[in-house]
Amino acid sequence: MAASGLPASVRSAPARRPARELLLEAAARLFYAHGVAATGIDTITAEAGVARKSLYNNFSSKAELVAAYLEARHGEWLGLYRRRLDTARTPRDGVLAVFDAYLDHANSAYQHGFRGCGLLNAAAELPAGDPGRQAVRRHKEEVQELLARHVSGMLPGRPEQAPAIAAHLAFLLEGAMARAGLEGNDGPLTEARRMAGQLLDTL
């Protein structure tokens, strides 16, 4: 018996992670790999290794779990962007940091392969007017606003031109992400980043 009064095997046992965290991670893997509609509650709880009751103790419904998943994906992307922005030295670098964050997303480790933007994939399954679709729209608008902010820094005395250029870049980025998801690799995103750089050099 150790001095603490507990066997070493007990003292060294890792604390069990919160059920909410396990459920969100399981839902993220399954929603991304198989889709929201195709993934049932029982599959999620089995993947998370928790009882069905634990899910309803943390989420009032599957819809609430989906909303939490979308919020988490948004936060995950912001984390990728901020890490890239840490090394940006100019407004041009800031624009390309957005593209690089998408590239980082594409090159993350996925159990069943890269399938494109998880937010857009989920939104495509949700009906018009669903709160989840609105959440995804807000995320995409925020990305475009970030682009506009960086572009504005490249246009001293011409800030009124920034929104249109940012929209152009956002559409380039989203189109590339859709193609990358279909092809299962980052090739279209790499090309989009190159094209964005060429556009920025003409400003």
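These legends go with close-up views of ring pairs and salt bridges in a predicted model.

**View 1. Phe31 and Tyr69, an edge-to-face pair.**
Searching the whole structure turns up five aromatic pairs. In the one shown here, the ring centres of Phe31 and Tyr69 sit 5.2 Å apart with their planes at 70 degrees, so this pair counts as edge-to-face. The two rings come from distant parts of the chain, 38 residues apart: Phe31 belongs to helix α2 (residues 19-34) and Tyr69 to helix α5 (residues 62-85). As for solvent, Phe31 has a relative accessible area of 4%, so it is buried. Tyr69 is buried too, at 2%.

**View 2. Tyr110 and Phe114, a tilted pair.**
Here the ring centres of Tyr110 and Phe114 are 6.1 Å apart and the planes meet at 35 degrees, so the pair goes down as tilted. Phe114 is buried, with a relative accessibility of 11%. Keep Tyr32 in the frame as well: ring pairs tie Tyr32, Tyr110 and Phe114 together as a cluster.

**View 3. Asp100 and its salt bridge to Arg84.**
Now for the charged side chains, where the count of salt bridges comes to twelve. In the bridge between Arg84 and Asp100, the closest N and O atoms are 4.0 Å apart. This pair also spans distant parts of the chain, with Arg84 in helix α5 and Asp100 in helix α6 (residues 91-106), 16 residues apart. Buried or exposed, what is Asp100? Its relative accessibility is 11%, so Asp100 counts as buried. Arg84, at 32% relative accessible area, is partly exposed.

**View 4. Asp100 again, this time with Arg193.**
Asp100 forms a salt bridge with Arg193 as well, and here the closest N and O atoms are 2.6 Å apart. The partners lie 93 residues apart in distant parts of the chain: Asp100 in helix α6, Arg193 in helix α10 (residues 187-201). Arg193 is partly exposed, with a relative accessible area of 30%.

**View 5. Arg137 and Glu141, a salt bridge within helix α8.**
The side chains of Arg137 and Glu141 meet at 3.1 Å, N to O. Both residues lie in helix α8 (residues 131-153), four residues apart, which is about one turn of the helix. Glu141 is partly exposed, its relative accessible area being 36%.

**View 6. A salt-bridge network of Arg84, Asp100, Asp104 and Arg193.**
Zoom back to Asp100 and bring in Asp104. Salt bridges with shared partners connect Arg84, Asp100, Asp104 and Arg193 as one network.

Terms used. Residues are numbered from 1 along each chain as its sequence is written. This is a predicted model: local features need pLDDT of at least 70, side-chain atom pairs count only at pLDDT 80 or more; totals for chains, interfaces and linings use all residues. Side-chain values use heavy atoms; hydrogens and water are left out. Rings of Phe, Tyr and Trp (its six-membered ring) pair if their centres lie within 6.5 Å; planes under 30 degrees apart count as stacked, over 60 as edge-to-face and the rest as tilted. Helices (H or I, at least four residues) and strands (E, at least two) are DSSP runs, numbered from the N terminus. Buried means under 20% relative accessible area, exposed over 50%, partly exposed in between (1.4 Å probe, protein chains only).
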